[in-house]
Amino acid sequence: MAARTWLSCGRKMGSIWTGNVFALLNPQKYSSSVVQTQNYVERFFLLGHRSLASDSNLDVETDRTADRSVTNKNDLKSNSKNKGLPQTRLLKVAIIGEANSGKSTLTNCLIGDKISAVTAVPHTTRRQTTGVFALGDAQIVLLDTPGIVNIPTARRLKMTREHMRAPSDALHDADVIAVLIDAADRKRSMVIPETILTNLENHTDLPSVLILNKIDVVKVKTRLLDIATVLVHDREKDEWGYKDEGGWSGFEHVFMVSARTGDGIDDLKKYFAVKAKPADWLFPADTATDQNFEQIMHEIFREKILQLYEHEIPWQIRQVNVLCEAREGHWRIHHKLYCRTKSQRRCVMEKLEQLRQFVLPDLEDALGQPVELTVDVSYSAKVGFQTPLHSY
């Protein structure tokens with residue numbers, strides 16, 4: 001039996017969902033859960049402003065008629081009860097999903113800053129990245145994890161144990177599980193992989209939400225309802241294993257967002273803020289990530305290297321920051337790249353100036369000052385094996 005769902009859309013999607021989308025649906029085609037969702041969404045948008053107006057009028061009348069002495073007594077009682085509770089709230093969210101579903105893009109969008117490399121290349125994220133943002137008195141800690149893969153795929157791609165265990169390890173520290181699905185991918189949008197289902201079944205004590213990403217790419221918006229209807233039902237299993245379609249009935253809410261354009265992100269932020277529980281903040285108020293600037297700089301270089309070079313070159317390059325210091329009115333940075341073979345070094349040297357031009361704007365945006373950047377490329381046969389160099 002499907003769980004209760006809340007189809008949440010962005011600013012540009014709200015008017016479409018209340019009228020045009022549901023008008024095109026065939027009631028006989030969909031289950032009762034979608035019909036209930038339709039009624040809920042219509043009531044939400046039609047009665048939203050009316051309820052807000054009635055609430056404001058009720059507050060005015062209450063203020064006029066309430067006795068001040070009674071109000072003061074109630075305030076004293078509430079203050080005494082909440083005296084031992086922290087004045088701040090905290091929520092840790094683990095974002096899991098398949099490779100190239102937009103987890104890092106969503107993390108960057110929620111934070112409002114670029115802390116993770118984002119490319120069209122699958123498995124760009126190779127380790128867990130922590131992002132932080134605050135909404136009111138609530139601090140939200142995002143755990144951006146690598147794409148979940150099965151064991152045969154991990155062996156074929158020669159992935160490390162850290163890469164494989166990062167998603168499941170993040171769930172042990174999380175308060176909420178956010179499962180991200182690429183709604184624009186017709187092959188993967190109608191099914192939640194077995195590996196993700198196993199993680200959800202192992203953490204039934206944690207609330208989970210379904211996030212349909214890349215809705216800006218989906219041209220026929222009614223298809224989003226088809227995806228949501230399938231994914232909020234349990235994926236059936238027979239003697240041959242799991243079937244080709246299905247999801248998880250334990251989702252509390254369903255959000256439809258576009259991490260690239262920002263549609264639906266505000267609703268997702270508000271939901272996370274509501275789920276936050278009283279606790280002390282883990283990071284200062286002005287913190288966006290637990291990474292230092294050198295790690296952010298390595299992510300910026302890695303993103304551009306993946307975009308410029310092909311085959312095994314981006315994965316075998318190692319980075320070393322030789323110099324990074326603030327000078328009068330600008331920053332001086334000298335970065336060094338190590339290749340495994342001399343042929344790889346020649347390929348990198350051909351586009352070295354283009355790489356520098358690509359990296360420079362992101363570095364200046366991260367530092368907020370002009371940057372004097374030089375990049376050097378060297379050859380080392382030890383790269384990728386026993387090497388004291390930094391690895392990412």
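Q: Is strand S12 mostly covered or mostly open, and how many of its ten residues are buried?
A: A residue is called buried when its relative accessible area is under 20%. In this predicted model, seven of the ten residues of S12 meet that cut-off, so the strand is mostly covered.

Q: Which strands form the sheet, and in what order?
A: In general, strands of a sheet pair through backbone hydrogen bonds, either parallel or antiparallel. Here the order is S11-S12-S13, in an open sheet of three strands with mixed pairing. Strand S11 (318–327) and strand S13 (371–379) are the edge strands, each pairing on one side only. Direction ignored, neighbouring strands are turned by 10° against each other on average.

Q: Which helices pack on the sheet?
A: Helix H10 (residues 293–308) touches S11, S12 and S13, and its direction makes about 125° with that of S11. Helix H13 (residues 352–367) touches S12 and S13, with its direction at about 135° to that of S13.

Q: How many bridges join S11 to S12, and which way do the two run?
A: Nine bridges join them, and the strands run antiparallel. Asn 321 stands opposite His 335 in S12. The hairpin of S11 and S12 has two residues between the strands, and Gly 329 takes a positive phi near 85° there.

Q: How does S12 (residues 330–339) run relative to S13, and how many bridges join the two?
A: S12 and S13 run parallel and are joined by nine bridges. On this side, His 335 stands opposite Val 375 in S13, and Cys 339 stands opposite Tyr 379 in S13.

Key
Residues numbered from 1 in each chain as written. Predicted model: local features only at pLDDT ≥ 70, side-chain atom pairs only at ≥ 80, totals over all residues. Heavy atoms only, no water. Pairing = 2+ DSSP bridges. Helix = DSSP H or I, 4+ residues; strand = E, 2+ residues; numbered from the N terminus. Axes fitted to C-alpha atoms, helices over the stretch in contact; angles between N-to-C directions. Contact = heavy atoms within 4.5 Å. Buried < 20%, exposed > 50% of the residue type's maximum accessible area, 1.4 Å probe, protein only.
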